[in-house]
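This report describes selected parts of one protein model for a reader who has not met it before. Please look over the sequence and structure shown here before reading on.

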Amino acid sequence: RLSSQRGFFGPKVVCRLLHSELGTTAMPFSKMGLATSQIELLQQAQRLESGAIIQTGITGSGKTTAAKTLIETHPKNGQSAIYAVADPIEYLLKNVHQIYVQRDLLTLETAGKKDPYSEVIESLMRMDPDLVDVGEVRDQISARAVANVAKSGHVSMCTLHTDSIGGIINRLTDPKLGLTRQELTSSKVLGFLSYQALVAKLCSCALPQAEIEYFYKAKQHHHEAIYIQSIASQLQQKFNIDTSVLRFRNPEGCLHCRQRGTKGLTMVAEMMIPDDAWLDIAATGNDRAAMRHWRSQYSDKDIYSGNMQGKLVTEHTIYKAICGEIDARQIERFGPLASFEV
């Protein structure tokens, strides 16, 4: 897939390379870097009989790859009716009836005329579907498709751009997408929610705090040394973390990582299957209170634990930093530590 944008000095081009062969094996969830507890939640999502499975994240967060794995490792894959409507088709999916259809938003302004995307979704409701993947939700047509499939007693699946699972309802009720809070928080519509991001994994040449601070001070980059010190101090004060376990990217790298200091990517995530209490609170519009309920109810409240039930993506990132897998500075990608609620 190719995207371009003009600029003063010429065009900027971004190219996304995808393995599009049908025989390409889906990447296991365990290799993505997900915790065992998160994989168990995904497996529960695969066993839903109705409701919407919503995977969120920013562009380039691995949503399409995770969706492929969820569908191709589904217990009913090859034994049930799984459909995917795409604009465009990015991956060829095993045992899935994939339909390419281009959305026409102009039909929203034309009385009595249906968009071709909507027509396909309506026709699928007569095809006895077990799961319908409607692709990326980015307009009223696709948002309505997710809700209608879920409300009709089937499983719908989609990807969405948000910054957290706590922002999903707010995003879907934006006028550009047009769903209502009442229909989203009714029983069995929201079946599974996730937010994910990709973080660079440290190479074995990573440095401990003392060495990385010395490096930046020697290079006269005092602001970076102060920032690292601040991150370590906040982790120690808020979570009583022994900062000697933290590792930071070696700016000079090594031959093993081609002098980048990092080698590969790992996924950090937050996931939930909404319970009735969460839905009741979210129905009032207080999404923050709903998230506090979820965290207090399901988290083991142990930052050193690999159990990510009831934990935010920030906590998953902190855990990976404690394990020395990622640079501790990556934690603040998901919000400042100073304002993070423990």
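The sections below cover the basis of the model, two helices and several loop residues.

## Basis of the model

The model is predicted, so local features need pLDDT of at least 70 and side-chain atom pairs count only at pLDDT 80 or more, while totals for chains, interfaces and linings use all residues. Residues are numbered from 1 along each chain as its sequence is written, and side-chain values use heavy atoms, with hydrogens and water left out.

Helices (H or I, at least four residues) and strands (E, at least two) are DSSP runs, numbered from the N terminus.

## Helix H5

Helix H5 covers residues 140-151. Its twelve residues should span 16 Å at 1.5 Å a residue, and the end C-alpha atoms are 16 Å apart, which agrees. The expected span is 1.5 Å times one less than the number of residues. At the start of H5, the backbone nitrogen of Ile-141 lies within 3.1 Å of a side-chain oxygen of Asp-139. Just after the helix, Gly-153 has a positive phi of about 90 degrees.

Buried means under 20% relative accessible area, exposed over 50%, and partly exposed in between (1.4 Å probe, protein chains only). The buried residues of H5 are Ile-141, Ser-142, Ala-143, Ala-145, Val-146, Ala-147, Val-149 and Ala-150. Their cover includes strands E3 (51-56), E6 (131-136) and E7 (155-160), together with helices H4 (116-124) and H7 (181-184).

## How H4 meets H5

The axes of H4 and H5 are 10 Å apart and make an angle of about 10 degrees. Axes are lines fitted to C-alpha atoms, for helices over the stretch in contact, and angles run from 0 to 180 degrees between N-to-C directions. H4 and H5 are therefore roughly parallel, a term for angles under 35 degrees.

Contact means heavy atoms within 4.5 Å. From H4, Tyr-117, Ser-118 and Ile-121 meet Ile-141, Ser-142, Ala-145 and Val-149 of H5. Of the residues in this contact, five are nonpolar, two are polar and none is charged. Ala, Val, Leu, Ile, Met, Phe, Trp, Tyr, Cys and Pro count as nonpolar, Asp, Glu, Lys and Arg as charged, and the others, Gly among them, as polar.

## Helix H12

Helix H12 (residues 313-322) is mostly covered, with nine of its ten residues buried. Among them are Val-313, His-316, Ile-318 and Ile-322. The cover of these buried residues includes helices H2 (36-46), H9 and H11 (287-298), and strands E8 (190-202) and E9. Gly-324, just after H12, takes a positive phi of about 75 degrees.

## The loop between H9 and E9

Thr-243 is found in the loop between helix H9 (222-239) and strand E9 (262-272). Thr-243 is partly exposed, with a relative accessible area of 22%. Leaving aside neighbours within four places in sequence, Thr-243 is in contact with Gln-209, Ala-232 and Gln-236.

Asn-240 is in the loop between H9 and E9, and Gln-259 lies there as well. Asn-240 is not a glycine, yet has a positive phi of about 55 degrees; at 58% relative accessibility, Asn-240 counts as exposed. Gln-259, also not a glycine, has a positive phi of about 65 degrees and counts as partly exposed at 43%.

## Asn-77

Asn-77 lies in the loop between helix H3 (63-72) and strand E4 (82-86). Asn-77 is buried, with a relative accessible area of 11%. Not counting residues up to four places away in sequence, Asn-77 touches Ile-71, Glu-72, Ile-82, Lys-94, Asn-95 and Val-96.

Key. A polar contact is a pair of N or O atoms within 3.5 Å; within protein, one must be able to donate a hydrogen and the other to accept it, and residues adjacent in sequence count only if both atoms are side-chain atoms. Angles under 35 degrees count as roughly parallel, over 145 as roughly antiparallel, 65 to 115 as roughly perpendicular and the rest as oblique.
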